[in-house]
Amino acid sequence: MDIQSIRSQFPILAEKIHGKPLVYFDNGATTQKPLSVIQRISDYYSKENANIHRGVHTLSQEATTAYENARNTIQKHIGAKENYEVLFTKGTTDGINLVAFSFGELLNAGDEIIISAMEHHSNIVPWQMLCERKGCKLRVIPMNEKGELELDQFDKLLSDKTKLVAVTHISNSLGTVNDVKYIIEKAHAIGAKVLIDGAQSIQHIQVNVQELDCDFYVFSGHKLFGPTGIGVLYGKEEILNQMPPYQGGGDMIKEVTFEKTTYNVLPHKFEAGTPNIAGGIGLGAAFEFLNSLDMKEVLKHEQELLDYATAELTKIEGIKFYGEAKEKTSVISFLIDGLHPYDVGTLLDKMGIAVRTGHHCTQPIMDQFCIPGTIRASFALYNTKEEIDVFIAALNRIIPMLKD
Ligand code: PMP
């Protein structure tokens with residue numbers, strides 16, 4: 001992989017922060033955007049902007065085609081059987097809330113939903129809200145000290161009461177890659193459906209929803225080089241057809257009278273109102289960018305970055321890592337003895353280095369480790385070993401300053 005050529009496609013990487021070249025290690029929060037995505041959004045607003053699906057005029061038809069082409073590009077990339085199984089949402093959070101509300105309508109008091117100890121708040125809270133609404137029960141797969149799910153405990157949680165299992169593919173706080181194929185097979189064996197939170201996956205690994213055989217797969221555009229405010233909920237046709245609509249409004253209807261409304265077919269049934277058209281088209285461009293890469297090479301490069309950074313950080317006295325799973329990618333969470341993560345993050349920023357500090361929207365993980373938060377460096381395909389050297393040198397300057 002020619003990293004310099006890839007970097008040249010991301011204009012922000014040439015920016016300076018506090019007069020220092022930007023080192024962007026906050027990719028778990030959001031990724032930067034290549035010119036192809038930025039240009040595609042600009043072109044849409046400059047040349048094609050119109051509302052979609054309803055217009056007979058040329059611009060409306062062009063905008064509709066561009067939006068639906070984006071859906072087709074995403075369908076191909078994630079290996080969905082049908083393009084109408086790809087629903088546009090605002091992002092991962094929105095997709096999970098859609099399922100919790102709509103699939104949740106099919107559940108009854110006493111039914112159980114299984115999540116895991118390493119979920120992002122957006123894969124915890126919607127299920128708690130559903131449990132309150134419907135009298136369902138939330139069960140949690142425990143996690144060991146290395147940040148790996150205890151799958152033997154998961155086996156024990158499964159029962160005929162289990163209706164849905166919702167787990168993250170890759171942990172945003174720890175980098176753990178979960179064995180979702182195992183989880184899906186086991187859940188299906190007792191008739192439960194499975195939702196995979198893919199917010200941290202598609203930018204790192206090739207995902208194929210049919211091979212996984214998951215029932216739902218959710219992700220956010222902004223974490224895979226696309227715009228904010230757009231994401232995808234993949235759902236199997238058969239299940240989506242059983243689910244009631246999430247929101248009512250334009251586009252999701254077939255016919256409306258004051259007495260009764262009939263609903264539109266997929267995907268429109270779940271896409272009420274004018275969508276984020278530019279976002280969808282921009283997300284299509286982000287997937288085209290991903291398609292221009294060999295995802296095996298991407299993973300290899302990111303794995304090298306992870307190994308190199310881990311080895312270099314290990315040399316720092318008083319460092320403690322959180323998340324040492326055997327299967328792990330792109331994320332390093334750590335603390336340095338006696339230093340507050342916020343102070344470290346603030347001083348790193350002064351040196352042009354962007355990392356995230358805090359609980360990363362995974363407070364239960366922090367509670368398990370009895371810490372308020374971590375310093376998290378999260379890598380993307382455009383990061384380099386040289387940037388890691390800058391990061392390590394900066395830490396070696398900061399530590400004595402803060403310890404004095
Ligand atoms: N799940 C995971 C694993 C995440 O990393 C994130 C974002 N940090 C989310 C869900 C929520 O994504 P969004 O804020 O884009 O909806």
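In this predicted model, the ligand occupies the second largest pocket. Its surroundings consist of Thr92, Thr93, His120, Ser122, Thr168, Asn172, Asp197, Ala199, Gln200, Ser220, His222 and Lys223. Sorted by class, this shell has 9 polar residues, 2 charged residues and 1 nonpolar residue. The nonpolar member is Ala199, while Asp197 and Lys223 are the charged ones.

Several of these side chains come within a short listed distance of ligand atoms of oxygen or nitrogen. An N or O atom in the side chain of Thr93 is 2.5 Å from an oxygen atom of the ligand. For His222, an N or O atom of the side chain is found 2.8 Å from a ligand oxygen atom. In the case of His120, the ligand atom is a nitrogen, and the distance to an N or O atom of the side chain is 3.3 Å. The ligand taken alone exposes 400 Å², and 85% of that area is buried by the protein.

The UniProt record, an unreviewed entry, annotates residues 23–391 as "domain: Aminotransferase class V". This span is 38% helix and 18% strand. The C-alpha atoms at its two ends are 8 Å apart.

Two features of the backbone were also noted, both of them in loops. Most peptide bonds are trans, and most residues other than glycine have a negative phi. The bond that joins Leu266 and Pro267 is a cis peptide bond, with omega at about 0°. Pro267 belongs to the loop that runs between β12 (261–263) and α10 (277–291). The second feature concerns His53, a residue other than glycine, whose phi is positive, with a value near 70°. His53 is located in the loop between α2 (35–48) and α3 (58–78).

Notes:
Residues numbered from 1 in each chain as written. Predicted model: local features only at pLDDT ≥ 70, side-chain atom pairs only at ≥ 80, totals over all residues. Heavy atoms only, no water. UniProt positions renumbered as here; feature names shortened; annotations may be inferred. Helix = DSSP H or I, 4+ residues; strand = E, 2+ residues; numbered from the N terminus. Near = heavy atom within 4 Å. Polar contact = N/O pair within 3.5 Å; in protein donor to acceptor, adjacent residues only side chain to side chain. Areas by Shrake-Rupley, 256 points an atom, 1.4 Å probe, with all protein chains shown as cover. 1 Å grid on protein atoms, 1.4 Å probe; cavity = no way out; pocket = protein on both sides within 12 Å on 5 of 7 lines; lining within 4 Å. Sits in = over half its atoms within 2 Å of the grid points.
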